[in-house]
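Trainee: I've just opened this one and could use a walk-through. Can we go over it together?

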Amino acid sequence: MTEKLAFIIPELILFIATCLVMVTGQWPVRAIRNFTPWICGIALVLAGMVAAMTPGDPAALFPNIMPYAKFIIAAVAILLVINLTGTVDRELEDDVDNGKPFLPIRSTGAEFYAFFMFSITGLMLTASADDLIWLFLALELTSLPTYIMVAISTHKNQSREAAVKYFFLGALGAAIFLYGFALIYGAAGSTNLSEIAVHFSDNGLGTIGLAGVLIALLGMSFKIAAIPMHFYTPDVYQGAASPVSAMLAFVPKTAGFLAIIAITATVGWNEFGRLPATVESMLWIMAALTMFVGNTLALLQTSVKRMLAYSSIAHSGYMLVGILAGPGPDGAPFYRNGIAAILFYLLCYGVMTIGVFAVLGAIEKRNADGTTSEADDIEDLRGLCKTHPVLGWTVVVCALSMLGFPPLLGFIGKLGLFSAGISAGQIPIVIILGLNSAIAAVYYLRLVAVAYLDKGDKPATVATLSPYASRRLAGVCSAAGVVLLLVVAQPLIEGAHKAADFNAPVPHQTDTQQDQPAEHALADHEE
Amino acid sequence: MINTTFLTSTLAMLQDGHAVDTHAPAVTHAATQIAEVGTGPKWILLIIGLPFLTSILCGIYAMIGNKTKLPAWTVVAGSGIAFLTTLAMYMSFDGTPYTVHAFDWIQVHFSSEGGDKSMIANFSFYIDTLTIYWMLFVTGLATLIALYASEYMSHDLGTSYCRFFGAFGLFVFSMACLVMGDNLLMLYLGWEGVGLCSYLLIGYFYKKPEAVAAAKKAFIVNRIGDLGLALGVYLTFVHFGSLEYAVLFNDPTLLGYIESAKTGDFSAIPRMAQWIPLLFMVGAFGKSAQFPLYVWLPDAMEGPTPVSALIHAATMVTAGVYLIARTYPMFLTSEYALPIVAWVGTITALLSATIAMAQFDIKRIMAYSTVSQLGYMFAGLGVLTPTGGVYHVLTHAFFKALLFLCCGAVMHGFAGQLDLRKLSGLRSVKGWGIVTLGMFIGCINLAGVPFTAGFFSKDTIIAEAFVTPGASMIGWILLFTAGLTAYYTFRVFFRVFTGPVEYHAGEEHHGDDGHDFHPHAPGWAVNSVLLTLTVCSIAASGLYFVGGNKDTHTKHYAQTMVMASTANYESPYSKHAIHAAHDSHDPNAGAGPRGTIDHELSMPIIGGDPHKVMYYVSAVFGVVGILLAALLQGPKGWQGLFIGGRTNAAECRMDPIARMCGPIPKMAENKWYVDEIYHMILVTPLRIISHIFHWIDKLLVDGLVNIFGFLPRLLAWILKPSQSGVLQGYAVSMAGGVTILLLVVFVIILQGGVA
């Protein structure tokens, strides 16, 4: 097992940083406490750089996925760290300012950042996973900290309710995909993904294997917030503080897609680039329903966070098209490679969605009782381009990008999904994708219209800037990313393309009869 | 109506080395010139770049609120330097065509059944004698007319002034792209560009409904032609695989087609290739206002007069002639294209000349005369004398610009008065001497008085029509039209410029009924331009005697220029054919259609060689026309050549004759009701159809769209209750969803048997 350590150096860096953060997060000296996010940031920069330089695992099904996936995870996580500042301990720090002593027992800063780092570590471990057990543990390491982060992100009961829902439903989802994993193990006799893939390619899926794969994929739909496990999304996104919601939009979704890519890769795409008909039809139904449900329900929302939650659901549906398209034949170009499209789109989606959440976190409204709360209602963004031009334009740019407006980043990302789907012959689902992009335009453009077109002379609520300038910075970084990443889109696309290089298992024998696997395995040995 | 054999037989005749265009017997020298295409110096790009720059500068002037004549001087300077550059290009031209590359524009490489192909249309320019010939008068006239307009438009100083000169600069740029582009796509770019500028400038007085209507009419009618051109360009690419002249006109396939066309064997040429010239022709008819698409040009006179002079008389409307001259080799591959061009040109010439005879608005008369003269040019191209057509373009550019600018000066000086019944004796008004001189020189050119430029160029066309087999009918019609032209031209001159002094202010005068009206004579800018153009119009006749080239057996300047370009139908295409015919000693060479040609060729007209006889015949027609004009419209005394009898502005001897003719003069005045007919058979049905489609759109399409807009919301309302916020409910829904999806897959397995 020690040779695996070479692949997880970024995770180890993050783990060391996590341990540091747990200590510094509640240090009595303010300066050291304030340094905590910097530790996270530095660790992520280091981890990202190391990840980019670490070679992939040639034995894995996607030998090159690790460096790219970990790199984009680190990059987006840096944005998330910038955005997270001031989420917890705000009242405590106010008290300290007023001369009261610092009480570590009241502080949650250490846990908050540590859990964040644990979650990112888990996410990177998901990218490294080559084993079902590893995959399961990594997924749970990604998710478990987020339950707590939701709970402590605000002092409102809404957050706790959201956390409880998230936890129980997450446990349900985990149970389902663990059940699937167990069935896969039962069918293949191994937990190693490459061995499972070889087994499936040699002997066929079999009933148990098929059930295992389907159930595992259904369970994983919880992580990516897809049908049928999407119900929690709006409640949880709305209940959590918007920086945490931003994290929920990116981290579990990325973990879920990495896991789905790993699981579908064990089944493999045939020479025509198609999954087995059963798996394909289920994913097809999931993708289509997810897009429709996400986009149509987003139409009715007045809460921007709920709207973004439904948009998150819809985006999962879009990306499932990439899974259906698959990596294509050997040496397929980017536009044919659905997995590459997903890997690139995850980055695009992370950057765009964090931008809008960051703006929500950066403005506050003063309630009647003197307390402040985060902006959430779409009315809070009214006329933002006039009142706070930087934030306003961030919303405009990010929303247009999420809509897929050319030439912004989201357009390029979606273009990859479209072209992969079309080249793979998945025309009907691409038509549905196009229809849904059109439906989505309604609510994204409403966001743009509210922020840009309204003159802002009659503000519905008194919106003020949050004291944490770093959130504005996160928003600006996202908006800048949406525009500036276009310049480096080519290397990023090439990276994604390289990462999605599928190492299909070589069948041991072409005339394998599926009902007698053992004998043929024996025969292979004799040859 | 169309003698489809005449081209066949004419081309066949080329095999024997009989030159149809006897001004250019047996041209073979230029045979290899088109094949060698070198690269030219980059300074030639100034001709393109400067006008574009001036256009942008005018836009900037408008933005910063300039209220001086700066835009005019900018455009004059830009066009002037472009003209000098063109002159330098001409001086340094050594006879070998070359291309100048500005930048890569469209380069598409793709695979198809026939292997890898590429479509290349660069922003580069093809310079040969035809290009230089055209650019010389385009930039030269643009400079002069910009100078004229600097004074003419001065009542509009400010944003409108900038707008006018901005569009003017853009026009010169577009025209340069059209003429100089080295591929058909560049030509198309310029084609659309000049169309746009024409639209913008006709609608310059955009508050005047007539101007707006005229602009729209010009644009829409031109769209019909442009569609033809676009289809022709597509088809050219599809068939020949290239749009670049240097490649296209050396394409072995095309040369092969021309070889078979010379033997009269059109069946060897694919139908698709034969369609290309027909489609180009439609484009040329639109842009150059030929029947049936000529209706926009007379209305285009709503624009300011300098625009009429430059765009709608001298340059843009000759783009169609340029297109056909440029793609002449392709026209040779079609059995019908050139005969149609000849006949359409002839009909247009006659029809618009009859309309011009009955008009009273002098600018409108000039407009119809432009249409008519363009008809001559097309007839010239059609009867296998591109030289005649192209020479007429040049002479016409000068004298028609001059005539328009004189009319413009009258209009400007008399507060918009253009009615020849309300103006008389301008030559005797102080300050109008140069205008009168310019008008007189323009009129004798247009009327084809012997030894004027217009006489020689028109004569070339008519004479050629008589020697081209099967086209003598065209010749007679053109000859008759020349008489009509002389009549209507001098009708204007005798009515407006001679006789007793009498004038009424036009509608733009804001005084007391014209009693205290004093016309203001043109200033130095207008006068100097008129003088320059007068000199140019006279000098253009000199080109008929100079510039011949013994090596290429060309007799005069225009011919030398044309015969060294792609418009030369004889070389390189005929070279091999001539040699083949001479070498093979084909016993059947004298049989077939060529026998009849020899007969027809030797057929004298009024007992002589048509080329010589035509000098006298057409001179007679011209003089008779002028005398008729003097008799019917001229004033008493020497000004009316002692045969006139007019004593006031409003009445003349023609009036009782017109009354005797019944409704015919009225019909001619109303343009033979062509606009009304178009309105009835085209516009009204289209309007009805558009209303039908409007309602279909409103009820059916909008309805469908609204349903699609409503469906997602409906779905959302159905789905909304599922988001109850209750934990147990979510858990049950999720488990249920998992179950349902698994069941669906189970059903799929059962039905499809896939496992």
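Mentor: Let's talk through how far to trust the model, then its chains, cores and helices.

Trainee: What kind of model is this, and how are things numbered?

Mentor: This is a predicted model, where local features need pLDDT of at least 70, side-chain atom pairs count only at pLDDT 80 or more, and totals for chains, interfaces and linings use all residues. Residues are numbered from 1 along each chain as its sequence is written, while chains are lettered from A and ligands numbered from 1 in the order in which they are written.

Trainee: What ipTM and pTM does the model score?

Mentor: It scores ipTM 0.84 and pTM 0.64.

Trainee: And what's the mean pLDDT of chain B?

Mentor: The mean is 82, and 88% of the residues of chain B reach 70 or more; pLDDT is the predictor's confidence in each residue, from 0 to 100. Over residues 1-35 of chain B, though, the pLDDT is below 50. Residues 571-602 of chain B are also below 50.

Trainee: Switching topic: how many residues does each chain give to the contact?

Mentor: Chain B gives 25 residues and chain A gives 29, where two residues are in contact if their C-beta atoms, placed from the backbone, lie within 7 Å.

Trainee: Which elements of chain B give two or more residues there?

Mentor: Those are α28 (674-719) and α29 (727-752) of chain B. Helices are DSSP runs (H or I, at least four residues), as are strands (E, at least two), numbered from the N terminus. The largest share of that side, 14 residues, comes from α29(B).

Trainee: What's in chain A?

Mentor: Chain A has 21 helices and three strands. Of its 527 residues, 62% count as buried, meaning 20 or more other C-beta atoms lie within 10 Å of a residue's own, with C-beta atoms placed from the backbone.

Trainee: Which residues have the most contacts inside the largest nonpolar core?

Mentor: B:A401 and B:L405, in a core of 225 residues. Such a core is a set of buried Ala, Val, Leu, Ile, Met, Phe, Trp, Tyr and Cys residues joined through C-beta atoms within 7 Å. Helix α17 (residues 386-413) of chain B gives the most to this core, with 17 residues.

Trainee: What does B:A401 touch?

Mentor: Leaving aside neighbours within four places in sequence, its contacts include B:L141, B:A309 and B:L533.

Trainee: Why is α13 of chain B called largely enclosed?

Mentor: Eight of the eight residues of that helix (residues 319-326) are buried, so the rest of the structure largely encloses it.

Trainee: And α6(B)?

Mentor: There, 15 of the 19 residues are buried, so α6(B) is largely enclosed too.

Key: A residue is buried if 20 or more other C-beta atoms lie within 10 Å of its own, exposed if 12 or fewer, and partly exposed in between; C-beta atoms are placed from the backbone.
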